Amino acid sequence: MSEITQTLNARRLLCPMPLIRTQNAIKKLQFGEILEVICTDPGTEYDIPTWCRMYEHKLLLQEQRETVDEMVEYCFVIEKGNKEAE
Amino acid sequence: MNPENIKQPKAVALISGGLDSMLAARVIMEQGVHVEGINFYTGFCVEGHTQAIRNQDKNKPKRNNALWAAEQLGIKLHIIDIVEEYKDVLLKPKHGYGQHMNPCLDCKIFMVRKAKQWADENGFDFIITGEVIGQRPMSQRKATMPIIAKESDVGSRLVRPLCAKFLPETYPEKMGWIDRNKMHDISGRSRKPQMALAEKFAIDEYAQPAGGCCMLTNEHYSKKLVDLWQAKAANNQTRDYTLDDIIMLKIGRHFRPKENFKVIISRDEGESNFLRGYRSEFTWLELTSHDGPLTIVDGHPTEEDLLLAARMTARYSQGRDADTVEVQLTTLDGVSKILNVEPLPADEVLPQWHI
Ligand code: SF4
């Protein structure tokens with residue numbers, strides 16, 4: 001997998017803020033660059049993949065991770081796909 | 001020839017996630033118009049928040065309804081954060097509040113105006129809303145329709161496909177982009193015409209949040225918001241609020257035993273976890289001898305007030321019937337101590353404390 005260009009910390013943010021931040025971060029990237037997003041709201045498990053499909057961004061990775069304090073984090077790695085996707 | 005006549009017209013639809021806005025977008029898509037959706041986040045949207053937090057909602061689908069609706073329609077959705085700008089709407093609504101703290105008419109005007117700006121910036125020709133005449137007492141009356149169009153500066157570029165037949169001809173109709181006969185004449189509170197239309201379009205699943213999709217129309221939430229403002233006023237602060245302030249009003253049981261402090265007690269593990277994230281910003285309490293809630297104290301409590309908060313925390317814990325329980329109190333400076341307290345009897349939690 002290519003290198004991550006930017007990591008977005010969306011922990012503790014509630015729906016729809018993780019999505020809004022992802023959308024705004026992707027907007028600033030170049031075609032082909034890669035954004036990693038880390039969330040704690042379980043709603044992002046649906047929202048982020050759906051949003052990627054809608055805008056034809058490539059979802060390279062989606063996984064759940066357990067943190068040291070036994071909380072769950074949702075991690076997404078997105079490659080900016082469609083140039084007009086804004 | 002006007003170039004607007006030849007290209008495919010583009011419209012932006014306000015998508016709330018509910019059925020009406022889906023239908024409105026769909027009616028226009030059927031006529032060959034390119035439609036994209038726009039959704040505004042005010043901070044008061046019911047959405048995933050409480051779902052993401054409370055255990056009791058754990059089995060509901062966790063998703064953004066507007067995004068989901070857009071996917072069903074096969075259109076793009078743009079979600080816009082208006083939390084900051086929305087404060088002006090909520091704090092000084094020119095047309096006043098509805099039944100609770102909902103400034104619906106000003107809110108509609110604001111959203112349509114923002115959608116119009118977005119449309120201008122992105123080369124879209126007109127705006128679609130799912131309004132229905134007579135559905136909502138405040139914002140969806142025939143008399144308010146021209147007010148929204150006028151005050152949002154959108155004028156005749158605002159199309160309401162569900163009740164267009166009752167309203168004057170719009171610009172997209174004049175241009176021949178859309179046909180009035182393919183729009184509708186829905187009015188009133190009955191949902192039957194919408195159901196029929198949904199069936200026609202084979203839309204069989206849509207969000208129907210009980211109590212609507214905005215916290216401001218909720219009586220209990222509105223009370224807590226007013227209480228927040230009163231407490232701020234008592235401290236010579238303005239009514240300005242942060243996103244954290246207004247999200248906190250959705251979490252836990254809220255009590256104000258005295259003017260100088262408020263007690264928030266979590267109702268389940270999900271809420272405890274959520275409040276735990278705010279510990280560094282508040283004085284907080286948690287039982288060490290029994291399972292129980294997490295309590296946050298906001299304001300300027302005295303020693304005696306904190307003792308009361310500890311007894312209230314005990315009252316909502318597994319130790320409620322014990323003679324005494326141990327409660328850990330941590331103040332803003334990060335210093336903790338253990339209090340041995342008697343759980344407050346149920347009848348000493350006074351009804352007027354509840355916010
Ligand atoms: S219910 Fe809420 S979001 Fe809807 S118009 Fe009223 S204030 Fe705005």
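Leaving aside neighbours within four places in sequence, which residues is Gln31(B) in contact with? In this predicted model, the partners of Gln31(B) are Trp177(B), Ile178(B), Asp179(B), Lys182(B) and Met183(B). Gln31(B) itself sits in the loop of chain B that runs between α1 (19–29) and β2 (34–41). With a relative accessible area of 16%, Gln31(B) counts as buried, because that value is under 20%.

Two of these partners lead on to another site. Trp177(B) and Ile178(B), both in contact with Gln31(B), are also touched by Pro172(B). The further contacts of Pro172(B), again not counting residues up to four places away in sequence, are Phe126(B), Ser156(B), Arg157(B) and Val159(B). Pro172(B) belongs to helix α7, which spans residues 171–174 of chain B. Its relative accessible area is 0%, so Pro172(B) is classed as buried. As a guide to distances within the chain, Pro172(B) and Gln72(B) are 100 residues apart in sequence, and their C-alpha atoms are separated by 25 Å.

It helps to set these sites against chain B as a whole. The chain has 355 residues, of which 54% are buried, and its secondary structure comprises 12 helices and 11 strands. Taken along the principal axes, the C-alpha atoms fill a box of roughly 85 × 40 × 35 Å. Among contacts between residues at least 6 apart in sequence, 66% join residues at least 24 apart.

Chain B also meets chain A. Here 27 residues of chain B are in contact with 22 residues of chain A, and the two chains bury about 2,000 Å² between them, with 65% of that area on carbon and sulfur atoms. On the chain B side, the residues that lose the most area to chain A are Leu67(B), Lys76(B) and Ile79(B), which together account for 28% of what that side buries.

What polar pairing accompanies this buried area? Across the interface, 7 residue pairs are in polar contact, with both residues at pLDDT 80 or more. The count of salt bridges between the two chains is 1. A salt bridge joins Glu71(B) to Arg53(A), and the closest N and O atoms of this pair are 2.7 Å apart. Several elements of chain B each supply at least two residues to the side that touches chain A, namely α2 (47–53), α3 (65–73), β3 (77–81), α10 (243–248) and α11 (269–276). By class, the residues on this side divide into 14 nonpolar, 6 polar and 7 charged.

Leu67(B), one of the residues that lose the most area to chain A, is also linked to a residue within its own chain. The backbone nitrogen of Leu67(B) lies 2.9 Å from a polar atom of the side chain of Asn64(B). Asn64(B) is placed in the loop between α2 and α3 of chain B. Asn64(B) has a relative accessible area of 0% and is therefore buried.

Finally, chain B provides surroundings for the ligand. Which residues surround the ligand? The shell consists of Tyr86(B), Pro103(B), Cys104(B), Cys107(B), Cys214(B) and Thr217(B). Sorted by class, the shell holds 5 nonpolar residues and 1 polar residue, with no charged residues.

Definitions and conventions. Residues are numbered from 1 along each chain as its sequence is written. Chains are lettered from A and ligands numbered from 1 in the order in which they are written. This is a predicted model: local features need pLDDT of at least 70, side-chain atom pairs count only at pLDDT 80 or more; totals for chains, interfaces and linings use all residues. Side-chain values use heavy atoms; hydrogens and water are left out. Contact means heavy atoms within 4.5 Å. Buried area is the accessible area (1.4 Å probe) that two parts lose on being put together, summed over both. A salt bridge is a side-chain nitrogen of Lys or Arg within 4 Å of a carboxyl oxygen of Asp or Glu. A polar contact is a pair of N or O atoms within 3.5 Å; within protein, one must be able to donate a hydrogen and the other to accept it, and residues adjacent in sequence count only if both atoms are side-chain atoms. Helices (H or I, at least four residues) and strands (E, at least two) are DSSP runs, numbered from the N terminus. Ala, Val, Leu, Ile, Met, Phe, Trp, Tyr, Cys and Pro count as nonpolar, Asp, Glu, Lys and Arg as charged, and the others, Gly among them, as polar. A residue is near a molecule or strand if one of its heavy atoms lies within 4 Å of it. Buried means under 20% relative accessible area, exposed over 50%, partly exposed in between (1.4 Å probe, protein chains only).
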